[in-house]
Amino acid sequence: DKTNRFFVLVRALLGWQDQATPVELFAYAFYWIVAMSLGYLLVRRAKQQLARLVEKWRLEDERLAELAAAHNKLIPAGEQGEQGEEGEQVKQELGDAETPSADLKEQVGETI
């Protein structure tokens, strides 16, 4: 098409043609194969990391539920007096469990 002066200029300066060469077709196909493969691998990796985090959170929730149940057995409703050594131990475990663990913070930081 000799009516568009921009492409006439590009053709004269760079040798541009409006037809793809076999190398360009191969490069185009190769680009999309690599892009799709990389996208698939990244999505799969993200799903695996999320599954590991969900499992870890589930285990922590179960541990907290067990500690809370043990805490409730040691301290009946309405009694806030002395609980003894076992009660103090459960209280310490519950207190530690309320804050996110350092390894959880690191793992979440790695995924972001």
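Okay, let's start with Arg 58 and Glu 55, which sit three residues apart in helix H2, so about one helical turn separates them. That helix covers residues 22-74. One thing to keep in mind throughout: what we're looking at is a predicted model.

So what do Arg 58 and Glu 55 form? A salt bridge, with the closest N and O atoms 2.4 Å apart. Are these two buried, or partly exposed? Arg 58 has a relative accessible area of 38%, so it counts as partly exposed. Glu 55 comes out at 35%, which is partly exposed too.

Now slide along the helix to Glu 62. Glu 62 is four residues from Arg 58, again about one turn, and both lie in helix H2. Glu 62 forms a salt bridge with Arg 58 as well, and there the closest N and O atoms are 2.3 Å apart. With a relative accessible area of 37%, Glu 62 is also partly exposed. How many salt bridges does the structure hold? Two. And if you put the pieces together, Glu 55, Arg 58 and Glu 62 are linked in a network of salt bridges.

Let's stay with H2 for a moment and look at the helix as a whole. How far apart should the ends of a helix like this be? At 1.5 Å a residue, the 53 residues of H2 should span 78 Å. In the model, the end C-alpha atoms are 78 Å apart, so the two values agree.

Which residues of H2 are buried? They are Gln 49, Leu 53, Lys 56, Leu 67 and His 71. If you're following along on the structure, have a look at Lys 56, which is on that buried list, and then at Arg 58, which is partly exposed.

Next up, the aromatic rings. The structure holds four aromatic pairs. One of them is Tyr 28 with Trp 32, an edge-to-face pair at 6.5 Å centre to centre, with 70° between the planes. Where are these two along the chain? They're four residues apart in helix H2, so once more we have a separation of about one helical turn. Tyr 28 counts as exposed, at 55% relative accessibility, whereas Trp 32 is partly exposed, with a relative accessible area of 41%.

Trp 32 has another partner, Tyr 31. That pair is edge-to-face as well: 5.1 Å centre to centre, and 80° between the planes. Take the three residues together, and Tyr 28, Tyr 31 and Trp 32 form one aromatic cluster.

Now over to helix H1, which runs over residues 5-14 and includes Phe 7. Phe 7 is partly exposed, at 31% relative accessibility. What does Phe 7 help to make? A nonpolar surface patch of about 660 Å². The other residues in that patch are Phe 6, Leu 9, Leu 13, Leu 14 and Trp 16.

Okay, let's zoom out to the whole protein. How many helices and strands are there? Four helices and zero strands. Read along the sequence, that gives the pattern α-α-α-α.

What about burial overall? Of the 112 residues in the protein, 12% are buried. On the outside, the protein exposes about 9800 Å², and carbon and sulfur atoms supply 61% of that.

Last one, contacts. If you take the contacts with a separation of 6 or more, 56% of them are between residues 24 or more positions apart.

To recap the spots to find on the structure: the salt-bridge network of Glu 55, Arg 58 and Glu 62, the aromatic cluster of Tyr 28, Tyr 31 and Trp 32, and the nonpolar surface patch that includes Phe 7. That's me done, thanks!

Definitions and conventions. Residues are numbered from 1 along each chain as its sequence is written. This is a predicted model: local features need pLDDT of at least 70, side-chain atom pairs count only at pLDDT 80 or more; totals for chains, interfaces and linings use all residues. Side-chain values use heavy atoms; hydrogens and water are left out. A salt bridge is a side-chain nitrogen of Lys or Arg within 4 Å of a carboxyl oxygen of Asp or Glu. Helices (H or I, at least four residues) and strands (E, at least two) are DSSP runs, numbered from the N terminus. Buried means under 20% relative accessible area, exposed over 50%, partly exposed in between (1.4 Å probe, protein chains only). Patches are made of residues with over 30% relative accessible area and no salt bridge: like charges are joined within 9 Å, nonpolar side chains (Val, Leu, Ile, Met, Phe, Trp, Tyr) within 5 Å. Accessible areas come from the Shrake-Rupley method with a 1.4 Å probe; for residues, only the protein chains shown count as cover. The expected span of a helix is 1.5 Å times one less than its number of residues. Rings of Phe, Tyr and Trp (its six-membered ring) pair if their centres lie within 6.5 Å; planes under 30 degrees apart count as stacked, over 60 as edge-to-face and the rest as tilted. Contact means heavy atoms within 4.5 Å.
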